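User: I would like to go through some labels used for this model and hear what each one rests on. Please set the values against the cut-offs.

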Amino acid sequence: MTSQRLIMLIFFLQPIAFGSWLPRIPDIQQKLGLGPAELAIALLGMPAGILLTLPLAGRFVARIGGRATILYGFVVFLGLVWLPTWAPSIEILFVTLAAVGVALATLELGLNVEADAIEKRSGQLIMSTCHGFWSLGIMAGSLVGIGLAAIGISPEWAVFMTAAVMLPISLLAARTLPDLHATEKPDAPIVGARRRGPSRALLGICFFVFGITMTEGAVADWSAVYLRDVFGLTGAGAGFGYSIFAFMVAAGRFGGDRLKASYGPIAVARACGVASIAGLALVAVSPAAWVALVGFAAMGFGVSVGFPLAVTAAADQNDRPAAASVAILSFVALLGFLIGPPMIGLVAEHSDMRLGLGMLIPFLAVSLVLTDRLKPAPNAVPSPAST
């Protein structure tokens with residue numbers, strides 16, 4: 001298997017265990033007796049762990065390389081991802097989600113850095129396709145979670161069993177990756193990179209992706225709760241909203257590299273931005289569950305290529321190492337995951353879930369305005385040709 005296919009496989013494997021947790025969030029909410037605002041506070045644990053980790057993770061990944069980060073990251077991440085389902089209180093739920101966030105941030109940064117290195121070495125566009133496999137993986141994980149719920153397996157054992165199955169498979173795939181960090185010359189140091197803050201170009205890319213990641217995180221955390229509270233769907237039925245969303249994210253990303261090669265990153269990002277806003281508006285006003293599912297599908301396609309386009313644009317910035325730029329992008333982008341869940345939960349607590357999800361529209365509008373920030377940086381390494 002080529003390096004390109006291997007990294008795509010690893011992107012697929014990484015989120016399966018985490019995806020099996022998402023449909024069970026309403027079960028954990030019910031077990032602990034949490035209201036929407038309390039659940040929102042508990043869900044802050046994961047983004048808090050991610051945000052605390054990313055300022056250090058960029059330097060760590062740059063030092064040991066993407067392959068080593070992926071290997072160690074799988075062991076830690078899959079050893080922790082099942083713990084939140086066993087939490088006996090809101091405080092323990094927050095802490096265990098924070099621990100998962102620490103492992104997740106480092107592992108995903110390693111994945112993106114390795115994919116960027118393989119893309120540049122091979123001369124073949126793969127970043128969007130890699131993220132398509134990630135979306136396919138999280139959709140598969142959510143379907144596993146729905147299936148295990150349907151046959152009556154508790155969230156505690158369902159996520160644990162999924163993680164236990166994924167660990168040896170993931171490690172076997174990761175060990176097969178070539179060690180690019182050992183065979184390539186280290187990047188020349190960039191004078192002043194540690195002292196300077198992010199450039200205006202990099203900040204524009206980060207703010208572009210902010211609304212997109214906020215939407216992805218909001219749908220992951222709240223779609224099942226939304227379908228339950230608004231339309232009365234329960235169990236497996238409530239989990240289908242996220243599964244459909246993730247499927248369309250995957251579909252958009254699988255076509256993203258070809259679309260980027262044909263039309264350029266800005267035109268693709270603008271078209272997807274319009275689709276995401278239209279889909280979110282449809283969800284917010286939907287009169288029936290099937291209409292909301294159509295809206296989730298449009299949202300999924302709309303946000304599909306935003307983050308992979310932003311990763312490539314950030315890695316192409318020439319004012320600091322690629323790992324550092326991607327870490328900054330991830331830090332700012334994941335503020336969306338930090339702000340989105342509590343914002344929706346607080347609005348839902350005092351109004352309803354429709355208005356809570358509708359609050360995402362202005363953030364997606366900002367992302368649409370900032371699509372021109374995806375143009376290649378001056379003197380950047382040319383993007384590889386699509387094959």
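User: What makes the pair Asp316 and Lys120 a salt bridge?

Analyst: A salt bridge is a side-chain nitrogen of Lys or Arg within 4 Å of a carboxyl oxygen of Asp or Glu. The closest N and O atoms of Asp316 and Lys120 are 3.4 Å apart, so the pair falls within the 4 Å limit. Asp316 lies in the loop between helix 15 (306-315) and helix 16 (322-333), and Lys120 in helix 7, so the pair ties together parts that are 196 residues apart in sequence. Helices here are DSSP runs (H or I, at least four residues), numbered from the N terminus. The model is predicted: local features need pLDDT of at least 70, side-chain atom pairs count only at pLDDT 80 or more, and totals for chains, interfaces and linings use all residues. Residues are numbered from 1 along each chain as its sequence is written, and side-chain values use heavy atoms, with hydrogens and water left out.

User: Which of the labels buried and partly exposed goes to Asp316, and which to Lys120?

Analyst: Buried means under 20% relative accessible area, exposed over 50%, and partly exposed in between (1.4 Å probe, protein chains only). Asp316 has 10% and is therefore buried. Lys120 has 35% and is therefore partly exposed. Asp316 and Lys120 are also linked with Asp116 in a network of salt bridges.

User: How many salt bridges are counted, and what distance puts Arg24 and Asp27 in one?

Analyst: The count is 6 salt bridges. The side chains of Arg24 and Asp27 meet at 2.8 Å, N to O. Arg24 is called buried because its relative accessible area is 5%, whereas Asp27, with 28%, is partly exposed. Another salt bridge joins Asp229 to Arg228, with the closest N and O atoms 2.9 Å apart. Asp229 is partly exposed at 42%, and Arg228 is partly exposed at 25%.

User: Why is Cys206 not given a disulfide partner?

Analyst: A disulfide is a covalent bond between the sulfur atoms of two cysteines. The rule asks for a pair of cysteine sulfur atoms within 2.5 Å. For Cys206 the closest cysteine sulfur, in Cys272, is 20 Å away, which is too far for a bond. For Cys272 the closest cysteine sulfur is in Cys130, at 18 Å, again too far for a bond. The count by this rule is 0 disulfides. Cys206 is buried, at 0% relative accessibility, and Cys272 is buried as well, at 5%.

User: How do you know that Gln4 makes a polar contact with Gln124?

Analyst: A polar contact is a pair of N or O atoms within 3.5 Å; within protein, one must be able to donate a hydrogen and the other to accept it, and residues adjacent in sequence count only if both atoms are side-chain atoms. The side chains of Gln4 and Gln124 are in such a contact at 3.0 Å. Gln4 lies in helix 1 (residues 3-13) and is buried, because its relative accessible area is 16%. Apart from neighbours within four places in sequence, Gln4 is in contact (heavy atoms within 4.5 Å) with Ile118, Ser122, Gln124 and Ile126.

User: Where is Trp86 placed, and is it buried or partly exposed?

Analyst: Trp86 is in the loop between helix 6 (66-80) and helix 7 (90-122). Trp86 has a relative accessible area of 37%, so the label is partly exposed.

Technical notes: Helices (H or I, at least four residues) and strands (E, at least two) are DSSP runs, numbered from the N terminus.
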